[in-house]
Amino acid sequence: MSEDSASKVQKDNVAKLIPALEEAYGPRFLQYVLALSDSWDAGVTFSETQAEAMVVLHNWLHAVQSLDASNRWMNLASFATARLMDAGKSNASALREACGGEIETPPCAEGDEVHRVLSGYAADAYPAFLINRPDEDWAMGGFFCHPGERESVEFYRSVLKDAQLRYLFPEHVDQDPDELDYGALRRVDSLVYFDPGQGGSYSLPFLASHLVNSAYKRCVVMGDDSFAAYMDAVKRNLADARAIAAGRTARVPVVLGFSNISISGVDRIELPTGFLRKVEASDSCFLPSRVSVDALLVLDTPVRIAVKAKHPKNDEDRGDEVWDRAQKSFQEWHNSLQWQVDCHRLALMLANSNTHRSGVIQVFQVVVNPLLGSASAWWNDGRVHTPAAEVGVDAGKVEDIRGWVEDVTVRHPRTLRVAMRRILSAASTRTDPVDSLVDAVLAWENMFSDSPETSLRVCGSLALLLEPSDRDKRRDLVRELTGIYSTRSAIIHGNVKEPSVETVSVDGDRALEVAVEAMRRLYKNPELLRSQNASTRGRDVLLGLIDVL
């Protein structure tokens, strides 16, 4: 670096730059680029080279100071990833090495040109990911500064020669990549849709950006965005991308944001299906600031290509048929994920024995697809109102939660899907007591209903399940449940004399309490849980064919 770079600020006053640099770039970016120790602070003594690097960073900041927060962030990231100081590495990487820092990329398999080049791209991009992000939602997107034409051509050709990645571009599988010049390579594209409903036009020039940006999101989701973890994520991303490109399935993180839950005394809970953790500041790379998320559930979920085809070249050659062919895969994937979401929500409810009216609300979802750099997410703005009590998670409840998650996700039968969903809606989303009552009694019916004498079968079965050994309590419970059932019937069938608001509210709350406890009891009685249908379950209970525990 030349003395000209330090012209605006004297190097002996460089410490005065720290507050502004730390606010704009963030402490982790400064620590990485200036090769500082983990315990550094503003009082540290900087070397002459570090002082010069800080002046360079200050000059970048000065050049974009008049821009709004989002554009300032994007421009600082562009300065960091551009290759102006050294043709072989990004500006931020060049500054780090000048300051004495090392950039250790993991070894690649012999002959794996895609991984070799991609590792260099990823190392160059890493510092930019550490820059403080503004709160605006659109700033969640990624970035990637492409190198010069020669290196781009090298990467493009290595992708089209790759035994698996080349199938992302079916129209070009039989072409010789060495015969394609830079312009032709940049026009290589296809139409790709993935099971979660993501996709569309897919272009070779953006592949590296997709792999690098999604790798950083992946390691943030997993809770470790150190350089080593990030480079491991790049390698994992590439392996998954190859599997998906070749028509196989890869398991990728799906992040579900829950509200109405608090986690204390523990930061992360390992589950048989993934993990539940607190929200961290680094999650801003995929989590919009406007979403009120209290905890994140991360599930390992299968993803594959639903449909791929050549890209339409004109208005007559439209891609509507490809989209239509993908619809069935979209629906099946979302149905499968919704089942997992519902099972986890039910498990969290059943693990809380203090109340029958606790429940988490899903307000956010994102799929971290290795072949898509920009996170495809949906969310609810603001805090969602719920009548449910907050689910409290602490260290003492971890084992109960793990046990219920394993039980419900493995053992919950499809025949009780309606009961599960109606219990969840009655507890968490219904604000009208009438709706809550109707949902709860529908859950009863999904457990034990049959005709004729539906009320007798349902209420009698529930009473036997909940009070198997005390005849007097069972008789009283049948009478109580029959009354609640009559209240529900009066509402559904539009009786002239409607139940009072107080009756509906009390009966609805009690109906939900019974439904939740009945579901717990079914898990203690595996034979009943596995019953073929509600009719068989009710028959086995009423006739004493199964000993109820």
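**Note on the sheets, cores and selected residues**

1. In strand E9, Ile361 is the bridge partner of Ser259. This pair belongs to a predicted model, and the remarks below should be read with that in mind. Strand E3, covering residues 250-259, and strand E9, covering residues 361-367, run antiparallel and are joined by six bridges. Within the pairing of these strands, Leu256 stands opposite Gln365 of E9.

2. On the other side of the discussion is the pairing of E3 with E7, where nine bridges join the two strands, again in antiparallel fashion. Here Ala250 has Val303 of E7 as its bridge partner. Of the ten residues of E3, nine are buried, so the strand is largely enclosed by the rest of the structure.

3. These pairings are part of an open sheet of six strands, whose order is E5-E6-E7-E3-E9-E10 and whose pairing is antiparallel. The edges are formed by strand E5 (268-271) and strand E10 (376-379); each has a single partner strand, so that one side of each is left without a neighbour in the sheet. Averaged over the sheet and with direction ignored, neighbouring strands are turned by 20 degrees against each other.

4. Two helices should be considered together with this sheet. Helix H9 (residues 207-222) packs on it and touches E3, E5, strand E6 (274-278) and strand E7 (295-303), while the direction of the helix makes about 55 degrees with that of E3. Helix H10 (residues 227-245) lies across E3 and E7, and runs at about 110 degrees to E3.

5. A further open sheet is made of three strands in the order E2-E1-E8, with antiparallel pairing. Strand E2 (199-203) and strand E8 (305-309) stand at its edges, and because each has a single partner strand, one side of each is left without a neighbour in the sheet. From one strand to the next, the twist averages 25 degrees. Strand E1 (residues 189-194) is joined to E2 by five bridges, the two strands running antiparallel, and Tyr193 has Gly199 of E2 as its bridge partner.

6. Helix H11 (residues 320-350) lies across E1 and E8 and runs at about 170 degrees to E8. One of the residues found in this helix is Leu337, which is buried, with a relative accessible area of 4%. When residues up to four places away in sequence are not counted, Leu337 touches Val254, Leu299, Thr301 and Gln365. Among these, Gln365 has already appeared as the residue of E9 that stands opposite Leu256. For a view along the chain, Leu337 and Leu545 are 208 residues apart, and their C-alpha atoms are separated by 36 Å.

7. As to the nonpolar interior, the largest core has 94 residues, and those with the most contacts inside it are Tyr25, Tyr230 and Phe286. Helix H6 (residues 113-129) contributes the largest share of this core, namely ten residues. A second core, separate from the one just described, has 73 residues and includes Met420, Val441, Ala443 and Ala511.

8. The cysteines deserve a separate remark, since a disulfide is a covalent bond between the sulfur atoms of two cysteines. With a cut-off of 2.5 Å between cysteine sulfur atoms, the count of disulfides comes to zero. Cys285 is accordingly in no disulfide, the nearest cysteine sulfur being that of Cys219, 7.9 Å away. Cys285 counts as buried because its relative accessibility is 2%, and Cys343, at 0% relative accessibility, counts as buried as well.

9. Finally, what is the setting of Lys89, which is found in the loop between helix H4 (69-81) and helix H5 (91-98)? Its relative accessibility is 19%, so Lys89 counts as buried, the cut-off being under 20%. The side chain of Lys89 makes a polar contact with the side chain of Glu97, at 3.4 Å. Leaving aside neighbours within four places in sequence, Lys89 is in contact with Ala82, Arg83, Ala94, Glu97 and Asp124.

Note on methods. Residues are numbered from 1 along each chain as its sequence is written. This is a predicted model: local features need pLDDT of at least 70, side-chain atom pairs count only at pLDDT 80 or more; totals for chains, interfaces and linings use all residues. Side-chain values use heavy atoms; hydrogens and water are left out. A nonpolar core is a set of buried Ala, Val, Leu, Ile, Met, Phe, Trp, Tyr and Cys residues joined through side-chain atoms within 4.5 Å. Buried means under 20% relative accessible area, exposed over 50%, partly exposed in between (1.4 Å probe, protein chains only). Helices (H or I, at least four residues) and strands (E, at least two) are DSSP runs, numbered from the N terminus. Two strands pair if DSSP finds at least two bridges between them. Axes are lines fitted to C-alpha atoms, for helices over the stretch in contact, and angles run from 0 to 180 degrees between N-to-C directions. Contact means heavy atoms within 4.5 Å. A polar contact is a pair of N or O atoms within 3.5 Å; within protein, one must be able to donate a hydrogen and the other to accept it, and residues adjacent in sequence count only if both atoms are side-chain atoms.
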